[in-house]
Amino acid sequence: MFESLSHLVLQQYWWIIVSLLGSLLVFLMFVQGGQTLFRNLGKNETEVTMLVNSLGRKWEFTFTTLVTFGGAFFASFPLFYSSSFGGAYWVWILILFAFVIQAVSYEFRTKAGNFLGQKTYETFLFVNGLLGTILIGTAVGTFFTGSSFSLNEMNQVNWEGPARGLEAAFNVQNLSLGLAVFFLSRVLATLYFMNNIDDEVIFTRSKKHLLINTIPFLVFFLFFLIRLMFLNGYAYNPDTKLVFLEKFKYLHNFLQMPFVLVMLLIGVVGVLYGIGSSLLKNKCTSGIWFAGAGTVLTVMSLFLIAGFNHTSFYPSSYNLQSSLTIENASSSKFTLTAMSYVSLLVPFVLAYICYAWWSMNKKKITREEMKTEEHLY
Amino acid sequence: MLASIDLTPLVDWSRAQFALTAMYHWLFVPLTLGITWIIAMMETIYVKTGDPEWKKLTKFWMKLFGINFAIGVATGIIMEFEFGTNWSNYSWFVGDIFGAPLAIEGIMAFFMESTFIAVMFFGWNKVSKKFHLASSWLVAIGANLSALWILVANAWMQYPAGTAFNPETARNEMTSFWEVLFSPVAVNKFLHTITSGMVLASIFVIGVSAWFLLRKKETRLALRSITVASVFGLLASVSLALTGDGSAKQIAEVQPMKLAAMEGLYNGKSEAGLVAFGILNGKEKRETGETFALKLEMPNLLSWMAYGDPKRFVAGVNDFTHGNPGQGILSIPEKVERGKVARQTLTDYKHAKAAGNLAKADSLKLLFKDKTFLDSKFKYFGYGFNDDVKYYVPQVPLTFYSFHIMVIFGFGFMVFFALMLFFSARGELPQRKFWLRLAPWIIPLSYVASEAGWIVAELGRQPWTIQDLLPTVAAVTKLDAGSVMVTFFLFAVTFTVLAIAEVNIMLKAIKHGTKNEGGTK
């Protein structure tokens, strides 16, 4: 079935899968956002315990999505894996470090003999929420702004400059995306808590913080998006494969791929509707679904304009011809074909995740449960 | 391909960081691999019998599993991304093959594991008994599936099957998914590794239970746990020995230098004996063939273990370094020369292409499909990166001692399981104080044996990241060594602190017993 597809179609198919995983990851980073809100939304230990346990039953989805996103990128676009991870060393190491300290924190937080104390593990979760979101957003920002690297004739990366990727955080465009992701994750977290926890006090506080975080999110996101439309983008000639700078490239991409523009618009409306209905209606708990789906569509549209329509998805600002495109950075046709068969499992995986999530969420988290549940974080 | 700067400190720190991460990761993974099966079996008995004691038991071991699992995840994520951060040339050179199992691991195994772990821990009162039981089994299957894919990837590094080199992209590309997945090395490695996890988990369960029996706490829990774990452990340890034997035969075939290091064999011989126990001499004496200060050797057994023939010639380290024409073994300098020819051909091809000399480029490109060139030159591609003969000899003492520790302990564990099962069947366990006192001390030994196995597998194949094709010096990311040193210590301190916390929490949870485990129907 996949054998009959051309290499280019397979590359496009895999860019869509990677984009989907990246978009799901941004949605699922409500876990990270929530980790920065424990002490804002919970004013006593019972309330904090409810919040921690609400996220504690979901954090592994986010973590696994991150790992799968990395694995899928490696399998489908290994030149990105080797160039970006090897090149922007410090950014990726800091991101990884933020996730290492998260992985133990839920399980160890309240356990007897945890050596570092409860507060330390809560700080770990906070650091993960702060660094994980901002740095991942910043790193994705370089998909549009470029990085300083070159590739030699054997496709080995050479990074220019000693900061090894940290310089990306000093670019206003990248940073605005990082901060937009950070505040979006907090927005999504408040919506998630409103849905997942059956408690008047936490609901009211979540609603208040929803508004507080929506404003900076919109400011940073709109700044990023509007500025992006005016940026020079990294285009390549489909025949010669030569990379060149094109004015308003990303605006052109939206206009030349109207389907992606529609995706962006529906996504943005979904996010705004999710936020708006939760703020304006009295007892709205479904905001997370609209904002979540909207997030997935919006982020996916950004990934698609980064990689489609003859655009370099990982441009080199140092040496244009070293820029990575879905054509020159991908795996062989054989591997993409084999992996495409594996991708048929994705709907099945999504289905059982939804079923398990639904089964577990039928009963909302309550103060009562925190007293009776034997396995608590 | 390589700059003229000395890459040794960078390679050493990068290797140290990977070894640190892998060894910490492996402190936590085998217990997960094994105990998930034991938990699923216990829960099955609970669902079948309805006896709440079994539920209590299930929940107790599940609690310990949860503590262990979290830190396994923490150390695991680093490993995946370190291929990119620290071994970026490797990631490109073999990413076309190596990336696939990693992605499949995520899609197929990690999601299964993480989804159903949530049900396993929090679903007791939220889902039906059967759905919960299914979740426990799915966690065990998911954990072991993840082991399958990462071991397929590891096996491919040891024995690169189903692949061809593409000079255009300067990388290896997959030619057969099934050859990668079902390579005999991969299948055997998977079985050997998961059974080692089952053995370790059984020892863990028996050790903890023995401690309870000695203190006359949780007696029923302990007796039942020992019965389940000793049956499971005995079966697993027999399978471990069989797959270990299979592994030795494969190493003789695909990594004979590793086999020589494992046995401290410098001068090859026919009817080679297996050194069951030995103390090695210093390096100079060893290289002259006077390898051991003391040894206990079983005649002909090495020839038999390696080739199934007690008379066969088994090559030693010196046969590989200096060559042995009688046995058809090339010397390392000869391989280096051939490797250089292969590398030069690739460089010439690239230059011809860049210069627009397409006729020359095409003829050179064709060489990479020519069987004679592939077998006589490209096969030794990796040797072209370093002239030093010593560079290609692995660390013999560490490989030798690790191998012997693994094997001796492994057989010891088999005897231990048989005895515990015997005592359990006769109802004598509470009276067997000596064995009960000994059992908790076997737990650290099982960890030592398990780590020793990986030392043999990985240190014994140095300097290769991909056997014969890519040595560490060509695989490493070009960073300054200081950066890697900083991240090495960052991770060393972090993992150590977290491991202390983990052990401490585990000990507290064990002392606490099943007090909070409910156990009502």
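A residue counts as buried if 20 or more other C-beta atoms lie within 10 Å of its own, as exposed if 12 or fewer do, and as partly exposed in between. With that in hand, take D468(B): 19 other C-beta atoms sit within 10 Å, so D468(B) is partly exposed. D468(B) belongs to the loop between β7 and β8 of chain B, and its phi is positive, about 70°, even though D468(B) is not a glycine.

All of this comes from a predicted model. The scores are ipTM 0.93 and pTM 0.94. For chain B the mean pLDDT is 94, with 98% of the residues at 70 or more.

**Backbone oddities in chain B**

Most residues other than glycine have a negative phi, and most peptide bonds are trans. Chain B has a few spots worth a look against that background. E271(B) is a non-glycine residue with a positive phi, near 50°, and it lies in the loop between β3 (269-270) and β4 (274-280) of chain B. E271(B) has 16 C-beta neighbours inside 10 Å, so it counts as partly exposed. There is also a cis peptide bond, running from Q462(B) to P463(B), with omega near 10°. P463(B) sits in the loop between α16 (433-459) and β7 (464-466) of chain B. Two glycines with positive phi come right after helices: G356(B) follows α12(B), and G513(B) comes just after α18(B).

Here are the angles side by side:

| Site | Angle | Value |
|---|---|---|
| E271(B) | phi | near 50° |
| G356(B) | phi | near 80° |
| Q462(B) to P463(B) | omega | near 10° |
| D468(B) | phi | about 70° |
| G513(B) | phi | about 65° |

**Two helices of chain B**

Start with α12 (residues 332-354) of chain B. Its 23 residues reach 33 Å from the first C-alpha to the last, close to the 33 Å expected at 1.5 Å a residue. Which residues of α12(B) are buried? They are I332(B), K335(B), V336(B), G339(B), A342(B), R343(B), L346(B) and Y349(B). An α-helix has 3.6 residues a turn, so residues three or four places apart point the same way. The buried residues of α12(B) pack against α11 (317-322) and α13 (358-367) of chain B.

Now α18 (residues 481-512) of chain B. Its 32 residues should span 46 Å at 1.5 Å a residue, and the end C-alpha atoms are 46 Å apart, which agrees. Buried here are V484(B), T487(B), F488(B), F491(B), F495(B), L498(B), A501(B), E502(B), I505(B) and M506(B). What do the buried residues of α18(B) pack against? The partners are α7 of chain A, together with α1 (8-49) and α2 (52-85) of chain B.

**Where the chains meet**

The contact between the two chains takes 61 residues from chain A and 66 residues from chain B. On the chain A side, the elements giving two or more residues are α5 (59-76), α6 (78-87), α7 (89-108), β2 (157-159), α14 (333-343) and α15 (345-361). Sorted by class, that side has 36 nonpolar, 16 polar and 9 charged residues.

**The core**

In soluble globular proteins, nonpolar side chains tend to be buried together. The largest nonpolar core here has 288 residues, and the members that touch the most others are L96(A), A180(A), L188(A), I38(B), W61(B), V152(B) and W156(B). Helix α3 (residues 88-122) of chain B supplies the largest share of this core, 23 residues. As for W156(B), once neighbours within four places in sequence are set aside, its contacts are I97(B), F98(B), A161(B), V180(B), S183(B) and A186(B).

**Domains of chain B**

The domain assignment splits chain B into domain 1 (26-260 + 390-478), domain 2 (261-326) and domain 3 (330-389). The C-alpha centres of domain 1 and domain 3 of chain B lie 39 Å apart. Their contact takes 13 residues from domain 1 and 14 residues from domain 3 of chain B. On the domain 1 side, β8 (470-471) and α17 (472-475) of chain B are the elements that give two or more residues. The residues on that side divide into 11 nonpolar, no polar and 2 charged.

One last residue is Y401(B), found in helix α15 (residues 396-425) of chain B. Y401(B) is partly exposed because 18 other C-beta atoms lie within 10 Å. Y401(B) and I77(B) are 324 residues apart in sequence and 30 Å apart in space, C-alpha to C-alpha.

Note on methods:
Residues are numbered from 1 along each chain as its sequence is written. Chains are lettered from A and ligands numbered from 1 in the order in which they are written. Two residues are in contact if their C-beta atoms, placed from the backbone, lie within 7 Å. Helices (H or I, at least four residues) and strands (E, at least two) are DSSP runs, numbered from the N terminus. Ala, Val, Leu, Ile, Met, Phe, Trp, Tyr, Cys and Pro count as nonpolar, Asp, Glu, Lys and Arg as charged, and the others, Gly among them, as polar. The expected span of a helix is 1.5 Å times one less than its number of residues. A nonpolar core is a set of buried Ala, Val, Leu, Ile, Met, Phe, Trp, Tyr and Cys residues joined through C-beta atoms within 7 Å. Domain bounds come from an automatic or database domain assignment. pLDDT is the predictor's confidence in each residue, from 0 to 100.
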